Amino acid sequence: MRHRVSFRKLSRTHEHRRALLRNLVTSLFLHERIETTVAKAKEARRVAERMITFAKRGDISARRHVDSYVFDPAATRKLFDTIAPWYAERQGGYTRIIRIGRRLGDAGEMAIFELVKTVEQKAEDRKRRIEAAEAKELAKSGSAAEKKKKARTKVAAGAAAGGGKGTGKGKKAAGGGAKAPSKAGRTKRGGEG
């Protein structure tokens with residue numbers, strides 16, 4: 001019986017379990033949403049909510065405490081500067097766990113572990129994601145146009161260098177020459193049969 005055991009061991013040693021939870025919490029603060037198993041999410045929720053409460057305090061002692069636990073200093077900065085102000089009026093319940101089904105490999109129950117956001121924050125995030133996607137598409141199409149332009153200049157330079165219509169070499173290089181016989185049509189000596 002597990003009387004008064006208030007945590008999950010997650011089939012790990014103490015050091016491994018602590019490192020796992022630190023990684024999960026750091027990733028949550030950096031990305032605001034992660035995918036993990038339900039058991040890991042429930043354990044990480046305890047730590048993450050405690051860290052957000054420390055960040056709401058905002059003093060140097062709280063910052064040092066969080067910084068000693070979280071792996072990435074960028075996550076600490078984001079927690080204190082961006083995430084903590086979201087929950088200034090909220091007394092707990094900063095995260096949510098959404099079950100998404102079972103994993104294919106071992107049928108482990110998976111979940112999305114994320115920070116709770118208001119409707120306005122979600123709309124702002126959506127707008128930012130759309131703008132980033134459009135900028136990426138524009139950059140991608142711009143680089144594709146540059147590649148086409150370079151390819152055209154390379155073909156023109158090749159034609160000017162002597163690969164014109166007068167020789168048979170130009171046709172063969174462009175793919176207009178005769179095809180080699182297939183294996184089925186060859187005899188042992190390599191001729192056509």
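This report looks at helix α2 and the charged residues around it in a predicted model.

**The helix itself**

Let's start with the basics: α2 runs over residues 38-57, so to speak a stretch of 20 residues. From its first C-alpha to its last it reaches 29 Å, close to the 28 Å expected at 1.5 Å a residue. It's not perfectly straight, though, with a bend of about 25 degrees at R45. Just past the end of α2, G58 takes a positive phi of about 80 degrees.

Plenty of names turn up on the buried list for α2: V38, K40, A41, E43, A44, V47, A48, E49, M51, I52, F54 and A55. What covers them includes the helices α1 (14-31), α3 (60-69) and α4 (73-86), along with the strands β1 (33-37), β2 (95-102) and β3 (109-115).

**E43 and its partners**

One of those buried residues, E43, is worth a longer look. Its relative accessibility is 5%, and it counts as buried because the cut-off is under 20%. E43 forms a salt bridge with R8, with the closest N and O atoms 2.8 Å apart. That pair ties together distant parts of the chain: R8 sits in the segment before α1 and E43 in helix α2, 35 residues apart. R8 is partly exposed, at a relative accessible area of 34%.

E43 also forms a salt bridge with R46, which is partly exposed at 37% relative accessibility. Both residues belong to α2 and lie 3 residues apart, about one turn of the helix. An α-helix has 3.6 residues a turn, so residues three or four places apart point the same way.

Here are these two salt bridges next to one that R57 makes with D59:

| Salt bridge | Closest N to O distance |
|---|---|
| R8 and E43 | 2.8 Å |
| E43 and R46 | 3.5 Å |
| D59 and R57 | 3.6 Å |

D59 is partly exposed, with a relative accessibility of 33%.

**A buried arginine without a bridge**

What is the nearest side chain of opposite charge to R17? It's E43 again, 6.5 Å away, and R17 has no salt bridge even though it is buried. R17 is placed in helix α1. Leaving aside neighbours within four places in sequence, R17 is in contact with F7, R8, K9, L10 and R12. R8, then, is a contact of R17 and a salt-bridge partner of E43.

**The wider count**

The count for the model comes to 13 salt bridges. Elsewhere, E32, K78, K117, E124, D125 and R128 are linked in a network of salt bridges.

How values were computed. Residues numbered from 1 in each chain as written. Predicted model: local features only at pLDDT ≥ 70, side-chain atom pairs only at ≥ 80, totals over all residues. Heavy atoms only, no water. Helix = DSSP H or I, 4+ residues; strand = E, 2+ residues; numbered from the N terminus. Expected span 1.5 Å × (residues − 1). Bend = angle between axes of the 7 residues up to and from the residue. Buried < 20%, exposed > 50% of the residue type's maximum accessible area, 1.4 Å probe, protein only. Contact = heavy atoms within 4.5 Å. Lys, Arg positive; Asp, Glu negative; His and termini not counted. Salt bridge = Lys/Arg side-chain N within 4 Å of Asp/Glu carboxyl O.
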